[in-house]
Amino acid sequence: MRLRVEFTTEPFDLDEVPPHAVAARETVQAAPLDAVDVGPFGNTAEGGAEAVLAAVDRLLRTSLEAGATRISLQVNVIGEGEA
């Protein structure tokens, strides 16, 4: 099974990237995922179910430890050919 996760961390800071956003970005970029797209207002990562679920667990823990007060995420099952 393949999964896609979309997530944001808060609070937002338009002047500089907050530590919790850096932690989230570094977590998904270091994970063994097939695709990662990091942006200022939303982030997407996809891959096999085990890799995505492990990355989500680590993302939640590291972002909260780095000061996130809210983490919004959505996980979707995607087909093998979907992008």
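**Getting to know this fold**

Me: How do you know which way helix α1 runs relative to β1?
Reply: Helix α1, residues 19–30, lies across β1 and β2, and it runs at about 165° to β1. Axes are lines fitted to C-alpha atoms, for helices over the stretch in contact, and angles go from 0 to 180 degrees between N-to-C directions; contact means heavy atoms within 4.5 Å. The names come from DSSP runs numbered from the N terminus: helices are H or I with at least four residues, strands are E with at least two.

Me: And what kind of model is this?
Reply: It is a predicted model, in which local features need pLDDT of at least 70 and side-chain atom pairs pLDDT 80 or more, while totals for chains, interfaces and linings use all residues. Residues are numbered from 1 along each chain as its sequence is written, and side-chain values use heavy atoms, leaving out hydrogens and water.

Me: Why are β1 and β3 called paired strands?
Reply: Two strands pair if DSSP finds at least two bridges between them. Six bridges join β1 (residues 2–10) to β3 (residues 43–48), so by that rule they pair. Glu6, for instance, has Thr44 in β3 as its bridge partner.

Me: What makes β2 a partner of β3?
Reply: Four bridges join these antiparallel strands, so they pass the rule too. Val38 stands opposite Asn43 in β3, and the two strands form a hairpin with four residues between them.

Me: In what order do the strands sit in the sheet?
Reply: The open sheet has four strands, β2-β3-β1-β4, with antiparallel pairing. Its edges are β2 (35–38) and β4 (70–78), as each pairs on one side only.

Me: Why do Asp34 and Arg2 count as a salt bridge?
Reply: A salt bridge needs a side-chain nitrogen of Lys or Arg within 4 Å of a carboxyl oxygen of Asp or Glu. Here the N to O distance is 2.4 Å, so the pair qualifies. Asp34 is in the loop between α1 and β2 and Arg2 in strand β1, so they tie together parts 32 residues apart in sequence. The structure holds five salt bridges.

Me: How do you know which residues of the largest pocket's lining are nonpolar, polar or charged?
Reply: Ala, Val, Leu, Ile, Met, Phe, Trp, Tyr, Cys and Pro count as nonpolar, Asp, Glu, Lys and Arg as charged, and the others, Gly among them, as polar. Sorted that way, the lining has 12 nonpolar, six polar and three charged residues. The largest share, five residues, comes from α1.

Me: What is the peptide bond from Glu10 to Pro11, cis or trans?
Reply: It is cis, with omega near 10°. Pro11 is found in the loop between β1 and α1.
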